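Here is a short tour for anyone who likes to see how charged side chains fit into a fold. Take a look at the sequence and the model, and then we can walk through them together.

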Amino acid sequence: MKMITIGLIAIAAIMVAVAIRPRLARAELLKEGEIAPPFTTQMVTGEQVGPMALADYHGRKVILYFYPKDETSGCTKEACAFRDGYARFTNAGLVVLGCSVDSADAHKDFIRKNGLPFPLLLDPDKKIATAYGAANGIPILGLDRRITYVIDENGKIIKVYPSVDPSTHATEILSDLGANNPPAPAQPAPAVPAAPASN
């Protein structure tokens, strides 16, 4: 009887720990108007891995999106939506950066399989995710929350997306930033009338 009681107490303690862990582990989201926390890390672009810093993008608008895991269905939908709208993002002068806890090899596979034209950031120790309130969104699995920040040319957060629909998120950002439509083609110069022929 004593062993059963101890077992029940242990199970109850585990259930309480699991129930309160998400509230304890999640950091506060950053707010619009705050300065984006600076960071340095490695990024994967295609098959290449190289150093990067948020400061490298000073003077450009940055879309920094956090996602739980490479190759999962929602994360693949989200990444492919950014891929499909990538020309509109670049035409509007917007930089797209994805970030998760996955390894460089996992990022390379994800980029290759889905033809992603933008970099994915490495954050194995969750320092970036923690600074941006994205760490431990799925505490039992240790995965990031799905959150996006838009950071302006001076490093200020101008938009926060705490609730993301992976399939429509990219077009939502384009619409919010007024970059949803492709640029209009250049208008041809008016034709100059030909001079009358002389006799």
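Buried means under 20% relative accessible area, exposed means over 50%, and partly exposed covers what lies in between. Keep those cut-offs at hand, and keep in mind that this is a predicted model.

## The fold at a glance

The protein has 6 helices and 7 strands. Read from the N terminus, its elements follow the order α-β-β-β-α-α-β-α-β-α-β-β-α.

The protein counts 199 residues, and 42% of them are buried. Its accessible surface is about 11200 Å², with carbon and sulfur atoms contributing 60% of that area. Looking at contacts between residues at least 6 apart in sequence, 68% link residues that are at least 24 apart.

## A network around Arg 112

Side chains of opposite charge can pair when their charged atoms come close. The structure contains 7 salt bridges, and a good place to start is the network that links Glu 47, Asp 109 and Arg 112.

One of its pairs is Arg 112 with Glu 47, at 2.9 Å from N to O. Arg 112 belongs to helix α4 (residues 104-114), while Glu 47 sits in the loop between β1 (40-45) and β2 (48-53), so this salt bridge ties together parts that are 65 residues apart in sequence. Arg 112 also forms a salt bridge with Asp 109, where the closest N and O atoms are 2.8 Å apart. Here the partners share a helix: they are 3 residues apart in α4, which puts about one helical turn between them.

How accessible are the members of this network, Arg 112 among them? Arg 112 has 48% relative accessibility and therefore counts as partly exposed. Glu 47 is partly exposed too, because its relative accessibility is 42%. Asp 109, with a relative accessible area of 31%, is likewise partly exposed.

## A salt bridge with a buried partner

Another pair to inspect is Arg 146 and Glu 78, whose closest N and O atoms lie 2.7 Å apart in a salt bridge. Arg 146 is found in the loop between α5 (127-131) and β6 (147-151), and Glu 78 is part of helix α2 (residues 73-84), so the pair ties together parts that are 68 residues apart in sequence.

Is Glu 78 buried or exposed? Its relative accessible area is 0%, so Glu 78 counts as buried.

How values were computed:
Residues are numbered from 1 along each chain as its sequence is written. This is a predicted model: local features need pLDDT of at least 70, side-chain atom pairs count only at pLDDT 80 or more; totals for chains, interfaces and linings use all residues. Side-chain values use heavy atoms; hydrogens and water are left out. A salt bridge is a side-chain nitrogen of Lys or Arg within 4 Å of a carboxyl oxygen of Asp or Glu. Helices (H or I, at least four residues) and strands (E, at least two) are DSSP runs, numbered from the N terminus. Buried means under 20% relative accessible area, exposed over 50%, partly exposed in between (1.4 Å probe, protein chains only). Contact means heavy atoms within 4.5 Å. Accessible areas come from the Shrake-Rupley method with a 1.4 Å probe; for residues, only the protein chains shown count as cover.
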